[in-house]
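Colleague: Please put the model up, and then I will ask about its strands, its core and one residue at a strand end.

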Amino acid sequence: MSVYLKTSLITLFILIASGTRLIYAQHRSYIIDTLTSMIDGEKSPYNQLLPGDTLLMEPGTREYAIFRNIHGDSILPVIIVNKSGKVIIDTDHYFGISFRNCRFVRLTGSGDPNHFYGIGISRVQRGGGIG
């Protein structure tokens, strides 16, 4: 057995034994309807989120969105994207989109080729857009 092969096998064994996930399960998608404003990674169904999964925001106007306890990793972030249309935030609250206790999350408006900006914050009455 070559030295390279032995080294590779030992490294693989150490990674597996240390609990490092080398391969993730098939990535899943979760749809967020326009009436859902709190997406909490500690509550069902979002407590099943794994790194690399996707949260699809249905198009339409919503008051705000709070993302709490959502955790991807540095290689596979959790993706939050608009789904086949434009998401518009229009609110009297002090924020439009809020991230609380989240790590390795990617927010993108690239879910519909017909909208260059697929997620828009049109109005936040008493504060900032994203926090």
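The exchange below goes from the whole chain to the sheets, the core and one threonine.

Colleague: What should I know about the numbering and the model before we start?
Modeller: This is a predicted model, in which local features need pLDDT of at least 70 and side-chain atom pairs count only at pLDDT 80 or more, while totals for chains, interfaces and linings use all residues. Side-chain values use heavy atoms, with hydrogens and water left out, and residues are numbered from 1 along each chain as its sequence is written.

Colleague: How many helices and strands are there in the protein?
Modeller: Helices (H or I, at least four residues) and strands (E, at least two) are taken as DSSP runs and numbered from the N terminus. Along the sequence the pattern is α-β-β-β-β-β-β-β-β-β-β-β. The count is 1 helix and 11 strands.

Colleague: What percentage of the residues in the protein is buried?
Modeller: Buried means under 20% relative accessible area, exposed over 50%, and partly exposed in between, with a 1.4 Å probe and protein chains only. The accessible surface (Shrake-Rupley method, 1.4 Å probe; for residues, only the protein chains shown count as cover) comes to about 8200 Å², and 56% of this belongs to carbon and sulfur atoms. Of the 131 residues, the buried share is 33%.

Colleague: Among contacts between residues at least 6 apart in sequence, what percentage joins residues at least 24 apart?
Modeller: A contact here means heavy atoms within 4.5 Å. Among the contacts between residues at least 6 apart, the share joining residues at least 24 apart is 78%.

Colleague: What is the strand order of the open sheet that contains β3?
Modeller: Two strands pair if DSSP finds at least two bridges between them. β1 and β3 run parallel and are joined by 4 bridges, with Y30 opposite L55. β3 is also joined to β6 by 4 bridges in parallel, and β6 (78-82) pairs with β9 over 4 more listed as parallel. This sheet of 4 strands has the order β1-β3-β6-β9.

Colleague: Which strands are the edge strands there, and what is the average turn between neighbours?
Modeller: Each edge strand pairs on one side only, and these are β1 (29-32) and β9. Axes are lines fitted to C-alpha atoms, for helices over the stretch in contact, and angles run from 0 to 180 degrees between N-to-C directions. With direction ignored, neighbouring strands of this sheet are turned against each other on average by 20°.

Colleague: Why is one side of β2 and of β11 left without a neighbour in the other open sheet?
Modeller: That sheet has 4 strands in parallel pairing, in the order β2-β5-β8-β11. β2 (38-40) and β11 (128-130) stand at the edges, so one side of each is left without a neighbour because each has a single partner strand.

Colleague: Which side chains of β7 point to the buried face?
Modeller: β7 (87-91) is joined in parallel to β4 (60-62) by 3 bridges, and pairs with β10 (119-124) in the parallel sense over 5 bridges. Its side chains alternate, with I88 and D90 pointing to the face that is not buried. The buried ones, on the other face, are V87, I89 and T91.

Colleague: Which residues touch the most other members of the largest nonpolar core?
Modeller: A nonpolar core is a set of buried Ala, Val, Leu, Ile, Met, Phe, Trp, Tyr and Cys residues joined through side-chain atoms within 4.5 Å. In β3, both faces are covered, with T54 and L56 buried on one side and L55 and M57 on the other. L55 touches I32, I39, Y46 and F67, among others. Of the 16 core residues, those touching the most other members are I32, I39, Y46, L55, M57 and F67.

Colleague: Why does T108 count as buried, and which side chain does its own meet in a polar contact?
Modeller: T108 lies in β9 (105-108) and counts as buried because its relative accessibility is 12%. Beyond four places in sequence, T108 is in contact with I79, I80, V81, N82 and I119. A polar contact is a pair of N or O atoms within 3.5 Å; within protein, one must be able to donate a hydrogen and the other to accept it, and residues adjacent in sequence count only if both atoms are side-chain atoms. At 3.0 Å, the side-chain partner of T108 is S110.
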